Amino acid sequence: MTANATRVLVLNSGSSSVKYQLLDMADGSRLAVGLVERIGEETSRLAHTPLATGGAKRETEGAIADHEAALKAVAAELAADDLGLDSPELAAIGHRVVHGGLKFSAPTVIDDAVLKEIERLVPVAPLHNPANITGIRTAQALRPDLPQVAVFDTAFHTTMPEHAARYAIDVETADAHRIRRYGFHGTSHAYVSRKTAELLGKDPSEVNVIVLHLGNGASASAVAGGRCVDTSMGLTPLEGLVMGTRSGDIDPAVTFHLKRVAGMSEDDVDVLLNKKSGLVGLCGDNDMREIRRRIDEGDQRAALAFDIYIHRLKKYIGAYTAVLGRVDAVAFTAGVGENAAPVREAAIAGLEELGMAVDASLNAVRSDEPRLISPDYARVAVAVVPTDEELEIAQQTYALVKE
């Protein structure tokens, strides 16, 4: 890697989308951001914003057949701003990979063996790993000479002790089929727990944090001294908190009951729990802003959905307080966590005996900066810490290729 190669392209390849950011790690600045969505449809859309030049967002619509075509379109947009993939300043491409199992506990330079292992994990991440693999292979074809780095959602959670990671099922069966709690949103939990420590003026090794990543997907983690010791998502991202369209925690026997009594297939139950449950299943909306609007208008169904969502949050805050023993901070992050003041207020309400409280005036402030929203007297700091998963991926990628 040459001395002036300080740029990292971050790719997040979904089943029908590619999110991307180009960052300069010399100062952490963003040079370009964009999104390709509805890949494989006639109505594909590419939105590209060249931040380096201060240019306006450019949007194009039209059929983009596959991920190869999508990444070629991204490369063309970057080249139009003199930020092309052939630039000698590009040090590496960092890929978000959702599932790394137990094998990958750190960012990893991708070779054939790594790709095979990511493929081997497809059965435990059938919605995510195949798309990640497609993005990797396409990027390799475009720049075969460039280091490609996988940064895994699961990696941060590999520090969980066995008593937190294992399910109480037959050990031989669990080991044979790799059944255990892996956890997800790891790059966000790593970034936010570290930034929360900075906000408190302490080293991460000195701080115990409960991180609440609340977006359409939602997860909680208990982080002791910079290491994850428990997290709410499990073998898949379905377990844990109530989410936009996912049920979160549920009696496993519900699936047997639905098959026996309702005649539903495995695929039917999968779709129900992952896409037709959570907030959308409870009230028909998964946008917290719309739910709050409906509550203000007296909608009882929306109010019940909100109460169920908050109840589950409180249970995890209490559980992770017990797991950690001492909590220094609770940090809210991601779309809902950063922007929905009523969620933060309701989640902490009544937890005064745990040392937690929210100051209404501080909580009402909207800002893109990390900030405390707890009163001075609170024993446990309550914080809002905007996540930056792309920066975390870029930092981990750049640190690895520099070595």
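Which residues line the largest cavity? The close-ups below take up that question and two others, all in a predicted model.

**View 1. The lining of the largest cavity.** Leu9, Leu11, Leu71, Val74, Ala75, Leu85, Ile93, Ala139, Leu142 and Arg143 line this space, which holds about 50 Å³. The count of cavities of 30 Å³ or more comes to 1. S1, H1 and H3 each bring at least two residues to the lining, and H1 gives the most, with 3 residues. By character, the lining has 9 nonpolar residues, no polar ones and 1 charged.

**View 2. Helix H3 and its surroundings.** Helix H3 covers residues 129-142, and its end C-alpha atoms are 20 Å apart; this agrees with expectation, because 14 residues at 1.5 Å a residue should span 20 Å. Its buried residues are Asn129, Ala131, Asn132, Ile133, Gly135, Ile136, Thr138 and Ala139. Among the elements covering them are strand S1 (7-13), helix H1 (67-80), strand S6 (90-97), helix H2 (112-120) and strand S8 (148-152).

**View 3. Strand S9 and its two partners.** How many of the residues of S9 (residues 208-214) are buried? The tally is 7 of 7. In a regular strand, side chains alternate between the two faces of the sheet. Here Asn208, Ile210, Leu212 and Leu214 are buried on one side, and Val209, Val211 and His213 on the other.

S9 runs antiparallel to strand S10 (residues 218-224), joined by 7 bridges, and a hairpin of 3 residues connects the two. Look for leucine 212 with its bridge partner in S10, alanine 220. With strand S12 (residues 329-333), S9 runs parallel through 5 bridges; there, histidine 213 stands opposite threonine 333.

How values were computed
Residues are numbered from 1 along each chain as its sequence is written. This is a predicted model: local features need pLDDT of at least 70, side-chain atom pairs count only at pLDDT 80 or more; totals for chains, interfaces and linings use all residues. Side-chain values use heavy atoms; hydrogens and water are left out. Helices (H or I, at least four residues) and strands (E, at least two) are DSSP runs, numbered from the N terminus. The expected span of a helix is 1.5 Å times one less than its number of residues. Buried means under 20% relative accessible area, exposed over 50%, partly exposed in between (1.4 Å probe, protein chains only). Contact means heavy atoms within 4.5 Å. On a 1 Å grid over the protein atoms alone, a cavity is a set of points where a 1.4 Å probe fits but cannot get out, and a pocket is an open set with protein on both sides within 12 Å along at least five of seven lines; lining residues have an atom within 4 Å of a point. Grid points are joined across faces, edges and corners, and a volume is the space filled by probe spheres set on the points. Ala, Val, Leu, Ile, Met, Phe, Trp, Tyr, Cys and Pro count as nonpolar, Asp, Glu, Lys and Arg as charged, and the others, Gly among them, as polar. Two strands pair if DSSP finds at least two bridges between them.
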